[in-house]
Amino acid sequence: MTERTKYSGTYTDNSGTTAVIVENDFKNLYTEIYGVKFSGSEFSDLSVDDKSKYTEQQLQRFTWSKTSVYNSETVREELCNCTFEILISQLIIDKTTDTEFYSDLKIEYILGNAEPDGGIEEEKISISLTIEGKLYTGTGDLTETALDDIYSQFGGKYYFKNCYGCMYGDYSVYGQSGFGTMLCFAAPKEKYKKVTNKQEYMDLETDETTTVQEIYCCNQYEVRRAGAGYRG
């Protein structure tokens, strides 16, 4: 069993705020809210495996988005109309001193109401961290967008030592989710470094690529250079 990393935080909905622990095995997220256990690949698809394990009173405080599973009669009920705030420790590289240090990313993940035809009407992500007394903040509907905001504020002095900041982390040309759908091109790294256009990049999206979370990091990490791959 893969060891899970734990993050402290809070969960807020129309009924109030409570402390939670979010566990991450870097494939899925797990949390327990008022005695109800949720899991999902990202915040926007957290669901309960078996609602029969809980009372109606336990479940009625939550708001659910109902989404049909493709090519199936199954309907997933996913948590929405709520906000998670969690602290995630991440390695930062200081280019000026060639040193590394940990800093806590404060992530606020807002999930809007359910859409009539399924899905969640809005996702808003705010990420912030403080380095040497200076606050850096980024916002957007994607983790990438929020981290891009912060990275631009770093001005080349700092780098994220994670999949977002890695030479081989990129996204599909067909789109992405708010969190956790980066593509890793560490396996075909030499081919990836030679990509000069969109078609060459699309040709690399093969079984050699894997999906990773932006906040993950492995021993293949290299600082991302400007203009690389599809992200640029």
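Which strands make up the open sheet of three strands, and in what order do they lie? The order is E12-E13-E14, with antiparallel pairing. Strands here are DSSP runs of E of at least two residues, and helices are runs of H or I of at least four residues, both numbered from the N terminus. Two strands pair if DSSP finds at least two bridges between them.

A word on the model first. This is a predicted model, in which local features need pLDDT of at least 70 and side-chain atom pairs count only at pLDDT 80 or more, while totals for chains, interfaces and linings use all residues. Residues are numbered from 1 along each chain as its sequence is written, and side-chain values use heavy atoms, with hydrogens and water left out.

**Paired strands**

In the open sheet, E12 (169–170) and E14 (210–212) are the edge strands, each pairing on one side only. Elsewhere you can follow strand E9 into strand E10, a hairpin with two residues between the strands. Within this hairpin, glutamate 132 takes a positive phi near 50 degrees. The table sets two antiparallel pairs side by side.

| Pair | Bridges | One bridge partner pair |
|---|---|---|
| E9 (residues 123–131) and E10 (residues 134–140) | seven bridges | serine 126 and threonine 139 |
| E13 (residues 182–184) and E14 | three bridges | methionine 182 and valine 212 |

**A residue in E9**

Serine 128 lies in strand E9. Is this residue buried or exposed? Serine 128 is buried, with a relative accessible area of 15%; buried means under 20%, exposed over 50% and partly exposed in between, using a 1.4 Å probe and protein chains only. Leaving aside residues up to four places away in sequence, serine 128 touches Asp104, Leu105, Lys106, Leu135, Tyr136, Thr137 and Ile150. Such a contact means heavy atoms within 4.5 Å.

**The cavity**

A search of the whole structure finds one cavity of 30 Å³ or more. A cavity is a set of points on a 1 Å grid over the protein atoms alone where a 1.4 Å probe fits but cannot get out, and its lining residues have an atom within 4 Å of a point. The largest cavity has a volume of about 60 Å³, a volume being the space filled by probe spheres set on the points.

Strand E8 (99–111), E9 and helix H2 (143–154) each supply at least two residues of this lining, and E8 gives the most, with three. Among the lining residues are Phe43, Leu105, Ile125, Thr143 and Leu147. The lining divides into ten nonpolar residues, one polar and no charged. Here Ala, Val, Leu, Ile, Met, Phe, Trp, Tyr, Cys and Pro count as nonpolar, Asp, Glu, Lys and Arg as charged, and the others, Gly among them, as polar.

Terms used
1 Å grid on protein atoms, 1.4 Å probe; cavity = no way out; pocket = protein on both sides within 12 Å on 5 of 7 lines; lining within 4 Å.
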